[in-house]
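Biologist: Could you take me through this structure? I should like to start with the sheet and then turn to individual side chains.

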Amino acid sequence: MHAAVLLNEVVEFLRPARENGTVVDATVGLGGHAEALLSRYPAIRLLAIDRDPRALALARERLEQFETRVAFAEGRHEKLIDILRQSQVGDGQLSGLLADLGVSSMQLDDASRGFSFRFDAPLDMRMGPDSRSAAELVNTLDEHELARILRDYGEEPMARRIARAIVERRAEGAIETTAQLAAVVRSVKRSKPHDIDPSTLTFQALRIAANEELVGLDRFLEDAVSVLEPGARIAVISFHSLEDRIVKRAFKRLEGECTCPPGLPVCGCGKQELVEVLTSRPVTASEEELNRNPRSRSAKLRVAERV
Ligand SMILES: C[S@@+](CC[C@H](N)C(=O)[O-])C[C@H]1O[C@@H](n2cnc3c(N)ncnc32)[C@H](O)[C@@H]1O
């Protein structure tokens with residue numbers, strides 16, 4: 001069973017602003033966090049969102065016992081405001097919100113979905129039906145754009161050489177499987193024993209690009225804060241530094257930090273204090289959790305409270 005990360009920490013931070021308020025789980029996945037929140041706070045209602053219909057089906061089964069206290073919505077959390085309007089849950093004000101970003105271990109471990117070089121499968125990597133596949137990107141983007149994706153989303157030091165090798169390999173026919181892509185990367189990037197697999201950063205970058213994981217994250221955080229009632233909290237778990245950086249900066253901005261370029265005589269960014277950040281440093285997994293679930297290693301939790 002997939003273990004929800006930082007579970008106790010999330011449940012304690014997300015004590016609802018109103019006992020019988022509405023809480024959103026914007027990335028319900030297999031419903032681990034949702035189940036714990038519904039059990040711990042017996043009067044809340046929870047709106048469970050996920051872009052992956054397979055995850056939603058499993059979450060529905062897991063959360064069946066909570067009956068009318070849970071509602072489900074398939075979609076991207078970047079559309080939070082529309083989803084809230086359509087689902088008509090509560091009065092539009094939220095008593096808490098959780099976003100446990102990125103892919104789930106269920107998605108990563110499903111060999112057929114093409115997220116991993118560990119299994120040979122079609123090069124898909126889509127979390128839901130709403131995005132382009134990794135194969136589409138790999139076979140259609142030009143060398144420059146591929147290199148940019150590998151550099152920006154994978155922080156891959158050999159981005160240009162790998163991008164060139166991909167484009168050269170395409171001349172022989174489309175790259176359709178995870179094994180074919182991994183072989184291209186291996187042809188230019190060798191690994192030493194104990195190194196991570198040479199394809200790791202390329203796969204990460206393509207997954208982020210295919211699912212547009214960073215696009216709209218800023219906007220989503222702002223929208224989420226705009227619908228929190230005073231005292232309600234937003235908790236965000238991220239799994240890589242690119243995501244965490246966006247969350248950290250967004251919280252700073254929402255806390256009212258001036259974002260004007262240095263030297264302006266008068267502040268022009270319209271800073272406004274909308275939240276208080278409760279985690280000056282991100283919360284990470286305890287030793288005990290790390291031993292139990294090594295995947296919690298890179299998880300970082302940041303929490304802010306609506307003022
Ligand atoms: C790390 S898992 C969540 C696990 C969950 N907290 C649990 O306890 O099982 C992330 C989930 O977020 C979903 N997801 C990722 N990006 C999304 C987005 N932009 N909108 C909606 N769901 C998203 C994925 O499909 C995946 O199921």
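Modeller: What follows covers the sheet, its helices, the charged pairs, the cysteines and some backbone details of this predicted model.

Biologist: What is the strand order of the sheet, and is the sheet open or closed?

Modeller: The sheet is open and has seven strands, in the order β3-β2-β1-β4-β5-β7-β6. The pairing is mixed.

Biologist: Which strands stand at the edges?

Modeller: β3 and β6 (275-277) do. Each has a single partner strand, so one side of each is left without a neighbour in the sheet.

Biologist: And by how many degrees are neighbouring strands turned against each other?

Modeller: On average by 15 degrees, with direction ignored.

Biologist: How do β4 and β5 run, parallel or antiparallel?

Modeller: They are parallel: six bridges join β4 (residues 94-100) to β5 (residues 228-238). Within the sheet, A99 stands opposite V236 of β5.

Biologist: Which strands does helix α2 lie across?

Modeller: Helix α2, residues 32-40, lies across β1 (22-25), β2 (45-50), β3, β4 and β5. With β2 it makes an angle of about 175 degrees. Helix α12 (residues 241-254) also packs on the sheet, where it touches β5, β6 and β7 (300-306). The direction of α12 makes about 20 degrees with that of β7.

Biologist: Changing topic: how many salt bridges does the structure hold?

Modeller: There are 27 salt bridges. Among them are two that involve R76: one with E78, at 3.3 Å from N to O, and one with E212, at 3.1 Å from N to O.

Biologist: What does the pair R76 and E212 tie together?

Modeller: R76 lies in the loop between β3 (70-74) and α4 (80-87), and E212 in the loop between α10 (200-210) and α11 (217-226), so the pair ties together parts that are 136 residues apart in sequence.

Biologist: Are these residues buried or exposed?

Modeller: R76 is buried, with a relative accessible area of 15%. Its two partners are partly exposed: E78 has a relative accessibility of 22%, and E212 has 35%.

Biologist: Which residue does D124 meet in a salt bridge?

Modeller: D124 meets R126, with 2.7 Å from N to O. D124 counts as buried at 19% relative accessibility, whereas R126 is partly exposed at 30%. Elsewhere, E145, R148, R151 and D152 are joined into one network by salt bridges that share partners.

Biologist: What about R169? Where does it lie, and how far away is the nearest side chain of opposite charge?

Modeller: R169 lies in helix α8, residues 159-170. It is buried yet has no salt bridge. The nearest side chain of opposite charge, that of E172, is 4.1 Å away, and the cut-off for a salt bridge is 4 Å.

Biologist: Then what is R169 in contact with?

Modeller: Leaving aside neighbours within four places in sequence, R169 is in contact with A174, I175, Q180 and V184.

Biologist: On to the cysteines. How many disulfides does the structure hold?

Modeller: It holds zero disulfides.

Biologist: Why is there no bond between C258 and its closest cysteine?

Modeller: The sulfur of C258 is 3.7 Å from that of C260, the closest cysteine sulfur, which is too far for a bond. A disulfide would need the two sulfur atoms within 2.5 Å. C258 is partly exposed, with a relative accessible area of 37%.

Biologist: And C267?

Modeller: For C267, the closest cysteine sulfur is in C269, at 3.8 Å, again too far for a bond. C267 counts as partly exposed, at 39% relative accessibility.

Biologist: Finally, the backbone. What is the phi of Q88, and where does Q88 lie?

Modeller: Q88 has a positive phi of about 50 degrees although it is not a glycine. Most residues other than glycine have a negative phi. Q88 lies in the loop between α4 and β4 and counts as exposed, at 66% relative accessibility.

Biologist: To return to E212, what is its phi?

Modeller: Phi of E212 is near 50 degrees, a positive value in a residue other than glycine. E212 also takes part in the salt bridge with R76 mentioned above, from its place in the loop between α10 and α11.

Definitions and conventions. Residues are numbered from 1 along each chain as its sequence is written. This is a predicted model: local features need pLDDT of at least 70, side-chain atom pairs count only at pLDDT 80 or more; totals for chains, interfaces and linings use all residues. Side-chain values use heavy atoms; hydrogens and water are left out. Buried means under 20% relative accessible area, exposed over 50%, partly exposed in between (1.4 Å probe, protein chains only). Helices (H or I, at least four residues) and strands (E, at least two) are DSSP runs, numbered from the N terminus. Two strands pair if DSSP finds at least two bridges between them. Axes are lines fitted to C-alpha atoms, for helices over the stretch in contact, and angles run from 0 to 180 degrees between N-to-C directions. Contact means heavy atoms within 4.5 Å. Lys and Arg count as positive and Asp and Glu as negative; His and the chain ends are not counted.
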